[in-house]
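User: Hi! I am new to reading protein structures and would like to practise on one. Could you go through it with me, question by question?

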Amino acid sequence: QVQPVESGGGSVQAGGSLRLSCAASRLRYSRDCLGWFRQAPGKEREGVAGITTGSTIPYYADTVKGRFTISQDIAKNTLYLQMNSLKPEDTAMYYCAAARWGGPCYRARLYSEEFDAWGQGTQVTVSS
């Protein structure tokens with residue numbers, strides 16, 4: 001399988017925006033769950049957003065709800081994460097991940113162990 005590849009990270013001031021992209025061939029497959037996770041130094045990996053291929057009903061963690069938007073362009077095999085109103089606590093390495101079925105996207109939260117394909121990550125740094 002081809003691993004996801006993230007891009008679009010960078011440094012921004014608080015209140016700014018970034019858009020992450022993930023080239024994910026898994027978007028070809030109907031109903032697979034695709035997610036964005038993040039991990040800050042010394043903290044556990046957190047699932048911030050997820051969506052199944054072809055769905056319009058996303059999952060968001062409470063920490064990003066109302067500020068982040070996950071979307072997909074199936075024709076381009078690309079998953080996006082639009083991040084607005086960024087806060088210093090959003091600083092982390094962000095990972096794109098894919099599961100082999102849609103179920104992980106319908107849990108109360110995203111569990112990283114249910115995702116089998118991971119990108120290398122892209123760093124997001126938000127300064128105050």
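User: Which residues touch the most other members of the largest nonpolar core?
Analyst: Happy to help, and please keep in mind that this is a predicted model. The largest nonpolar core holds 27 residues. Those that touch the most other members are Trp36, Ile70, Leu79, Leu81, Met83 and Tyr94.

User: Which strand gives the largest share of this core?
Analyst: Several strands take part: β3 (18–23), β4 (33–39), β5, β7 (68–73), β8 (78–83), β9 (92–98) and β11 (122–127) each supply at least two residues. The largest share is four residues. The strand that supplies them is β9.

User: What does Leu81 touch, beyond residues up to four places away in sequence?
Analyst: Let's pick out the partners of this core residue. Leu81 touches Trp36, Ile70 and Tyr94, among others, and those three also appear among the core members with the most core contacts. The full set for Leu81 is Leu18, Arg19, Leu20, Trp36, Val48, Ala49, Phe68, Thr69, Ile70 and Tyr94.

User: How many residues are in the other core?
Analyst: This core lies apart from the largest one. Among its members are Tyr95, Ala97, Cys105 and Trp118. Its number of residues is eleven.

User: How many helices and strands does the chain have?
Analyst: Reading along the sequence, you meet the pattern β-β-β-β-β-β-β-β-β-β-β. Every symbol in that pattern is a β. The count is zero helices and eleven strands.

User: Why does the radius of gyration of the chain agree with a compact globule?
Analyst: Start with the length: the chain has 128 residues. A compact globule with that many residues would have a radius of gyration near 14 Å. The chain agrees with this because its own value is 13 Å.

User: What does the C-alpha trace span along its principal axes?
Analyst: Here you can picture three directions through the chain, one for each principal axis. Along them the C-alpha trace spans about 40 × 30 × 25 Å.

User: What percentage of the contacts between residues at least 6 apart join residues at least 24 apart?
Analyst: This looks at how the chain meets itself across the sequence. We take contacts between residues at least 6 apart in sequence, then ask which of them join residues at least 24 apart. The share is 60%.

User: Is Ala49 buried or exposed?
Analyst: First find Ala49, which sits in strand β5. Setting aside residues up to four places away in sequence, Ala49 touches Leu34, Gly35, Trp36, Tyr59, Tyr60, Ile70, Leu81 and Leu110. Its relative accessibility is 0%, so Ala49 counts as buried.

User: Is Ser55 buried or exposed?
Analyst: Ser55 is in the loop between β5 (46–52) and β6 (59–60). Leaving aside neighbours within four places in sequence, Ser55 is in contact with Gln72 and Tyr106. The relative accessible area of Ser55 is 16%, and the cut-off for buried is under 20%. Because of that value, Ser55 is buried.

User: How far apart in space are Arg100 and Arg31, C-alpha to C-alpha?
Analyst: Arg100 is in the loop between β9 and β10 (117–118), and Arg100 counts as exposed at 58% relative accessibility. In sequence, Arg100 and Arg31 are 69 residues apart. In space, C-alpha to C-alpha, their separation is 8.7 Å.

User: What does Glu114 touch, not counting residues up to four places away in sequence?
Analyst: Glu114 is also placed in the loop between β9 and β10. With a relative accessible area of 24%, Glu114 is partly exposed. The residues Glu114 touches are Ala99, Pro104 and Arg107.

User: What is phi of Asn77 near?
Analyst: Asn77 is in the loop between β7 and β8, and Asn77 counts as buried at 18% relative accessibility. Its phi is positive, in a residue other than glycine. The value is near 50 degrees.

User: Where does Ser85 lie?
Analyst: Ser85 has a positive phi near 50 degrees. At 41% relative accessibility, Ser85 counts as partly exposed. To locate Ser85, look in the loop between β8 and β9.

Conventions
Residues numbered from 1 in each chain as written. Predicted model: local features only at pLDDT ≥ 70, side-chain atom pairs only at ≥ 80, totals over all residues. Heavy atoms only, no water. Buried < 20%, exposed > 50% of the residue type's maximum accessible area, 1.4 Å probe, protein only. Contact = heavy atoms within 4.5 Å. Rg over C-alpha atoms; globule rule 2.2 N^0.38 Å. Core = buried A, V, L, I, M, F, W, Y, C linked by side-chain atoms within 4.5 Å.
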